[in-house]
Amino acid sequence: MMVPNNSKNNKVQNRNIILKMMAQNAPVSRIELARATGLSKMSLTNIIAEFNENDWVKEIGVDITSKGKRKPVLLDFSDNCLCAVGINLTRDYVEGCLADIKGNIIYSKRIAIEDNADETAIELHMTELVKSIMNMGKHNVIGIGISTFGPVDLKKGIINKPTSFRNIESFDILKAVKNNFSLPVFIQKNNNCAILAEKYYGFGKDVSNFSYIGVSRGVGASCVVNDTLVTGQSGYCCEIGHITIDYKGELCSCGNRGCLERYANIRKCIEYVKERHPDIRHLDFNKVVNMSQEGDKAAIEAVDRLCGFIAIGIVNLVKIYDPNKIIIGSDIAIGGNIILDRIKEKVLETVDFENIFISRFFDKGPLIGAATLVFENMFFGNV
């Protein structure tokens with residue numbers, strides 16, 4: 001909630017309010033900024049003057065859609081605007097990007113993680129990514145955000161005993177980056193990063209209560225309640241992938257039986273089709289979705305099973321958190337409306353809830369969210 005204050009003691013907070021509003025709405029006029037924030041003309045003038053001195057903003061012309069003879073001048077961020085490096089670590093690859101404060105990816109690169117990779121190799125991959133991004137011209141990079149799978153100790157920045165990750169027992173992911181770069185570094189779970197991207201730039205911009213569910217090798221979720229990211233006591237809130245859907249089901253790596261993510265994951269969907277089409281050498285999720293559209297029985301069954309299980313997770317989120325919206329992202333979002341329509345259909349069999357959306361970032365939510373983590377910690381979270 002933006003609460004401006006025109007006193008000098010709140011200059012930093014007011015600056016952050018304007019930065020956040022511009023990040024979400026630019027190009028925007030001074031009149032719109034004043035009207036939306038409630039700041040006095042003097043306070044706003046001083047803040048914009050500071051931005052001009054730092055070469056963060058520029059005037060880009062007048063708002064021709066405005067009524068009246070005198071058209072207001074529009075402000076936007078300059079080429080020297082604030083940027084952040086985002087790093088998304090998955091079990092299969094590490095991906096990096098340079099993103100501006102408006103949530104736009106300027107450059108991105110992905111490196112596959114070898115099957116025999118150890119902690120040192122992964123650290124080298126991450127360092128290589130950040131260096132290559134930092135060398136992409138002169139950009140005003142203010143920090144590095146890291147998005148990672150769990151379980152992760154967010155205070156220490158250590159991934160502890162991750163399942164299915166190259167037999168690595170522990171990985172100090174925060175240290176791996178901090179030791180090589182002199183920028184502020186922030187870390188968060190991948191789904192929490194993704195929901196931050198939605199909160200500031202995506203389908204969560206206009207609501208105070210919404211949930212995000214990410215599906216790739218596993219299933220995870222995050223929730224924003226009253227404009228605040230819910231993390232829980234130890235950072236393990238919304239571990240929806242480990243709700244029990246079959247108490248006599250498959251044994252999960254967490255020690256429980258019948259966990260949702262044992263049945264609802266992208267790899268399982270692909271394997272289901274591959275078992276029935278052993279002649280197909282290269283098969284990915286996009287191919288499976290396309291095959292289902294072409295009438296392939298195995299692909300239809302695989303997609304139907306996946307969507308059915310995800311619908312169970314969504315129904316649980318609806319029952320527990322009562323969100324305004326639920327956003328679906330990560331690898332499953334590649335399926336687009338084909339997946340969305342099927343999930344909606346199955347959810348409606350149980351609850352009257354239709355506000356479900358595919359992330360506007362598709363599978364890039366955790367990556368963009370990693371960069372957003374920098375802006376959240378340095379600016380947006382202080383308004």
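Let me start with D55, which is partly exposed, with a relative accessible area of 39%. This residue sits in the loop between α3 (41-53) and β2 (57-62), and its phi is positive, at about 60°, although D55 is not a glycine. Please keep in mind throughout that what we have here is a predicted model. The sign of phi deserves a remark, since most residues other than glycine have a negative phi, and most peptide bonds are trans.

D55 has company in this respect. N226, which is found in the loop between β13 (219-225) and β14 (228-229), also has a positive phi, near 50°, and is likewise a residue other than glycine. Is N226 buried or exposed? With a relative accessibility of 59%, N226 counts as exposed, because the cut-off for that class is over 50%. A further positive phi, near 50°, belongs to D322, the residue that follows helix α9.

That brings me to α9 itself, which covers residues 297-321. How far apart should the ends of this helix be, at 1.5 Å a residue? Its 25 residues should span 36 Å, and the C-alpha atoms at the two ends are in fact 36 Å apart in the model, so expectation and model agree. At the start of the helix, a side-chain oxygen of D296 comes to within 3.2 Å of the backbone nitrogen of A298. For those of you who will be looking along the helix on the screen, an α-helix has 3.6 residues a turn, so residues three or four places apart point the same way.

Let me turn now from the loops and that helix to the peptide bonds. Which bonds are cis? One of them is the bond from A26 to P27, with omega near 5°, and P27 is found in the loop between α1 (11-25) and β1 (28-29). Another cis peptide bond joins G150 and P151, where omega is about 0°, and P151 belongs to the loop between β7 and β8.

Since that second proline follows β7, I would like to stay with this strand for a moment. Strand β7, residues 140-148, is mostly covered, in that 8 of its 9 residues are buried. It pairs with strand β4 (residues 82-89) in the parallel sense, over 7 bridges, and in that pairing I87 stands opposite I146 of β7. The pairing of β7 with strand β11 (residues 185-189) is parallel as well, over 5 bridges, and here S147 has Q188 in β11 as its bridge partner. When you inspect such strands, remember that in a regular strand the side chains alternate between the two faces of the sheet.

On the other side of P151 we come to another arrangement, an open sheet of 3 strands in the order β8-β9-β10, with antiparallel pairing. The edge strands of this sheet are β8 (152-153) and β10 (170-172), each of which pairs on one side only. Strand β9, residues 158-160, is joined to β10 by 3 bridges, and N160 stands opposite S170 in β10.

One more residue is worth a stop, and that is L75, in strand β3 (residues 73-77). At 1% relative accessibility L75 counts as buried, because it falls under the 20% cut-off. Which residues does L75 touch, leaving aside those up to four places away in sequence? They are M22, A26, P27, V28, R30, L33, I48, K58 and E59, and you will recognise A26 and P27 as the two residues joined by a cis bond. By contrast, L75 and K287 are 43 Å apart from C-alpha to C-alpha, and 212 residues apart in sequence.

Finally, let me step back to the chain as a whole. Its secondary structure comes to 11 helices and 16 strands. The radius of gyration is 22 Å, close to the 21 Å that the globule rule gives for 383 residues, so the chain is as compact as a globular protein of that length. Along the principal axes, the C-alpha atoms fill a box of roughly 65 × 50 × 40 Å. Of the 383 residues, 53% count as buried, and the chain exposes about 18200 Å², of which carbon and sulfur atoms supply 47%. Among contacts between residues at least 6 apart in sequence, 62% join residues at least 24 apart.

How values were computed: Residues numbered from 1 in each chain as written. Predicted model: local features only at pLDDT ≥ 70, side-chain atom pairs only at ≥ 80, totals over all residues. Heavy atoms only, no water. Helix = DSSP H or I, 4+ residues; strand = E, 2+ residues; numbered from the N terminus. Expected span 1.5 Å × (residues − 1). Polar contact = N/O pair within 3.5 Å; in protein donor to acceptor, adjacent residues only side chain to side chain. Buried < 20%, exposed > 50% of the residue type's maximum accessible area, 1.4 Å probe, protein only. Pairing = 2+ DSSP bridges. Rg over C-alpha atoms; globule rule 2.2 N^0.38 Å. Contact = heavy atoms within 4.5 Å. Areas by Shrake-Rupley, 256 points an atom, 1.4 Å probe, with all protein chains shown as cover.
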